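User: I am new to this structure and should like a close look at a single part of it. Please concentrate on the salt bridges, and explain the surroundings needed to place them.

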Amino acid sequence: MAEPATLEIVSRNRCFDGWVTRYRHHARALDCDMIFGTYLPPQAEHGPVPVLYWLSGLTCTDENFMQKAGAQRLAAELGMAIVCPDTSPRGTDLPGEHDDYDFGSGAGFYVNATQDPWRRHYRMYDYVVDELPALVEANLPVTTDRSISGHSMGGHGALVCALRNPGAYRAVSAFAPVCNPSEVPWGEKAFSRYLGEDRTLWHDYDACRLIPHAEERLPLLVDQGESDQFLDEQLRPDALERACHEADHPLTLRRWPDYDHSYYFIATLIGDHLHHHARALGLT
């Protein structure tokens, strides 16, 4: 039997009577050390609380959401924990890993790579879906009630994790997700290198391909800024809307004039998303 993973505290800060904490541990799925961030609301000092998992986008780390989204105030009021993993393995220094912003470091795309040299470390799907929740639930005062959200590449990850794992999450939402990655440049670049050239294998990580076969009709909440610089070429919310319509899958897709791809957009609407998750988690 493998020894249980140990958590090392990297930093800890008081915030709205709760705690923002960063932890380091050895991730078996990724075969490297990883850092993830958490927010535990004040209610966690009296008993376990449910968790929102947040998946960040390209170039981000575990810190972006915690520092920029402004979610802690409402999470403290609701009694919701937040867990933010990193966006790729770290410290592996594979050939070409740091050359591009949209592949390798900070760009794990929440897949399990099957191609060399990536398959040894780039297994972010297993890390997010299995290893990290098990670690969090074994070491922190949280329940097994989970929900998931994310932004851009992380929005893609949140949709895929929820669609592929019926019953694992109470709610799912996304900001400006990469909706149809197997048909856009970001996804084609990442998937061809992580998963190989057989495009049928990419479908396991494409929300638009998963929706027709989803075993659970978990309602999707998606917000998209209409001034997003990546909207037309990379994100394609229309494809998600079409797939949900054809499969009769519940989707709330809200389009917002003048908003772009930045964390200003996320900070503006994060309250709506936290309330969406809180209702599903039984907090309101």
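Analyst: A salt bridge is taken here to be a side-chain nitrogen of Lys or Arg within 4 Å of a carboxyl oxygen of Asp or Glu. Side chains of opposite charge can pair when their charged atoms come close. The model is a predicted one, and by this rule it holds 19 salt bridges.

A suitable pair to begin with is D31 and R120, whose side chains meet in a salt bridge with an N to O distance of 2.8 Å. D31 belongs to the loop between β2 and β3, while R120 belongs to the loop between β5 and α3, so the salt bridge ties together parts that are 89 residues apart in sequence. The two partners fall into separate classes of accessibility. D31 counts as partly exposed because its relative accessibility is 30%, and R120 counts as exposed because its value is 56%.

The backbone at D31 also deserves attention. Most residues other than glycine have a negative phi, and most peptide bonds are trans. D31 is not a glycine, yet its phi is positive, at about 55°. This residue sits in the turn of a hairpin that β2 and β3 form with 4 residues between them. Strand β2 covers residues 18–27, runs antiparallel to β3, and is joined to β3 by 9 bridges. Within this pairing, H26 stands opposite D33 of β3.

Strand β3 continues the picture on its other pairing. β3 also pairs with strand β5 (residues 81–84), in the antiparallel sense and over 3 bridges. There, Y39 has I82 of β5 as its bridge partner. Of the 9 residues in β3 (residues 32–40), 8 are buried, so the strand is largely enclosed by the rest of the structure. The turn residue D31, by contrast, is partly exposed, because its relative accessibility of 30% lies between the 20% and 50% limits.

The partner's side of the salt bridge leads to the loop between β5 and α3. P117 has its place in this loop, and a cis peptide bond, with omega about -5°, joins D116 to P117. F109 is found in the loop between β5 and α3 as well. F109 counts as buried because its relative accessibility is 0%. Leaving aside neighbours within four places in sequence, the residues in contact with F109 include L58, T87, D102, M153, W186 and Y194. The C-alpha atoms of F109 and F16 are separated by 32 Å, the two residues being 93 apart along the chain.

F109 also has a part in the nonpolar interior. The largest nonpolar core has 72 residues, and F109, Y127, I148, Y194 and L240 touch the most other members. Helix α3 supplies the largest share of this core, 8 residues. Another core, of 25 residues, lies apart from it and has L52, A75, C84 and Y263 among its members. As for Y194, residues up to four places away in sequence are again not counted; among those Y194 touches are F103, F109, V111, W118 and Y122.

Other salt bridges can now be set beside the one at the turn. D126 forms a salt bridge with R123, and their closest N and O atoms are 3.1 Å apart. D126 counts as partly exposed because its relative accessibility is 21%, and R123 counts as partly exposed because its value is 26%.

E241 and R255 form a further salt bridge, with the closest N and O atoms 3.0 Å apart. This pair links distant parts of the chain: E241 is in helix α8 (residues 237–247) and R255 is in strand β9, 14 residues apart. With a relative accessibility of 34%, E241 counts as partly exposed, and R255, at 33%, counts as partly exposed.

Beyond the individual pairs there is a network of salt bridges, which links D100, D102, K189 and R193. One of these residues, D102, is also in contact with F109.

A last backbone feature may be compared with that of D31. D258 is not a glycine, but its phi is positive, at about 80°. D258 is found in the loop between β9 (251–256) and α9 (263–280). D258 counts as exposed because its relative accessible area is 68%.

Conventions. Residues numbered from 1 in each chain as written. Predicted model: local features only at pLDDT ≥ 70, side-chain atom pairs only at ≥ 80, totals over all residues. Heavy atoms only, no water. Buried < 20%, exposed > 50% of the residue type's maximum accessible area, 1.4 Å probe, protein only. Helix = DSSP H or I, 4+ residues; strand = E, 2+ residues; numbered from the N terminus. Pairing = 2+ DSSP bridges. Contact = heavy atoms within 4.5 Å. Core = buried A, V, L, I, M, F, W, Y, C linked by side-chain atoms within 4.5 Å.
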